[in-house]
Amino acid sequence: MSDNQVDASPASGQQSPSEPRSAGLDLGTLARSSLIDAMGIVFLEASPQLVVGTMPVEGNTQPLGLLHGGASCVLAETLGSTGAALHGATIGKYAVGIDINATHHRGARSGLVTATARPLQLGGSLASYEIVIVDDADRRVCTARLTCLLRPIPQN
């Protein structure tokens, strides 16, 4: 594994399909966050310009058996804030989510959903991402937008 690649498989020991690409953030630690692990989110690629990840529908549904809208928001915020954190790291800042909105286009009942986060704006104080979530048939399930505030990393 090169210096800029890390194992981002969940703490459960599952292996991701391929090692994600990163840009300085420790994705191995990030991927072991309790919420990310509980949701089954797996990073496939991560850089300030592109973050891709998957999440199973099973276990993340509402009572009618459809992918829970909140689960889509968790996936979107996870990927968007990862991109913002990677961008922030290049300018000595950390990212804090301040706004998320999501439009749910269709339901998903099974399989994996795949999210792709791309920046809308990468600045010195804000980073905004559009996150598109699709189902196994590549049909758009959700479109989200996330804005993160970039704060200076405290000096010890």
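This report describes a sheet, the helix across it, one strand residue and the cysteines.

The model is predicted, so that local features need pLDDT of at least 70 and side-chain atom pairs count only at pLDDT 80 or more, while totals for chains, interfaces and linings use all residues. Residues are numbered from 1 along each chain as its sequence is written, and side-chain values use heavy atoms, with hydrogens and water left out.

Six strands (DSSP runs of E, at least two residues, numbered from the N terminus) form an open antiparallel sheet in the order S1-S2-S4-S5-S6-S3, where pairing requires at least two DSSP bridges between two strands. Strand S1 (42–47) and strand S3 (93–104) are the edges, each pairing on one side only. Strand S2 (residues 50–56) pairs with S4 in the antiparallel sense over six bridges, and Thr-54 has Thr-114 in S4 as its bridge partner.

Thr-116 lies in strand S4 (residues 112–122). Leaving aside residues up to four places away in sequence, Thr-116 touches Leu-50, Val-51, Val-52, Leu-79, Glu-130, Ile-131 and Val-132, a contact being heavy atoms within 4.5 Å.

The table gives relative accessibility, with buried meaning under 20%, exposed over 50% and partly exposed in between (1.4 Å probe, protein chains only).

| Residue | Relative accessibility | Class |
|---|---|---|
| Thr-116 | 18% | buried |
| Cys-73 | 24% | partly exposed |
| Cys-148 | 0% | buried |

The structure holds zero disulfides, a disulfide being a pair of cysteine sulfur atoms within 2.5 Å. The sulfur of Cys-73 has its closest cysteine sulfur in Cys-142, at 5.9 Å, which is too far for a bond.

Conventions:
Helix = DSSP H or I, 4+ residues; strand = E, 2+ residues; numbered from the N terminus.
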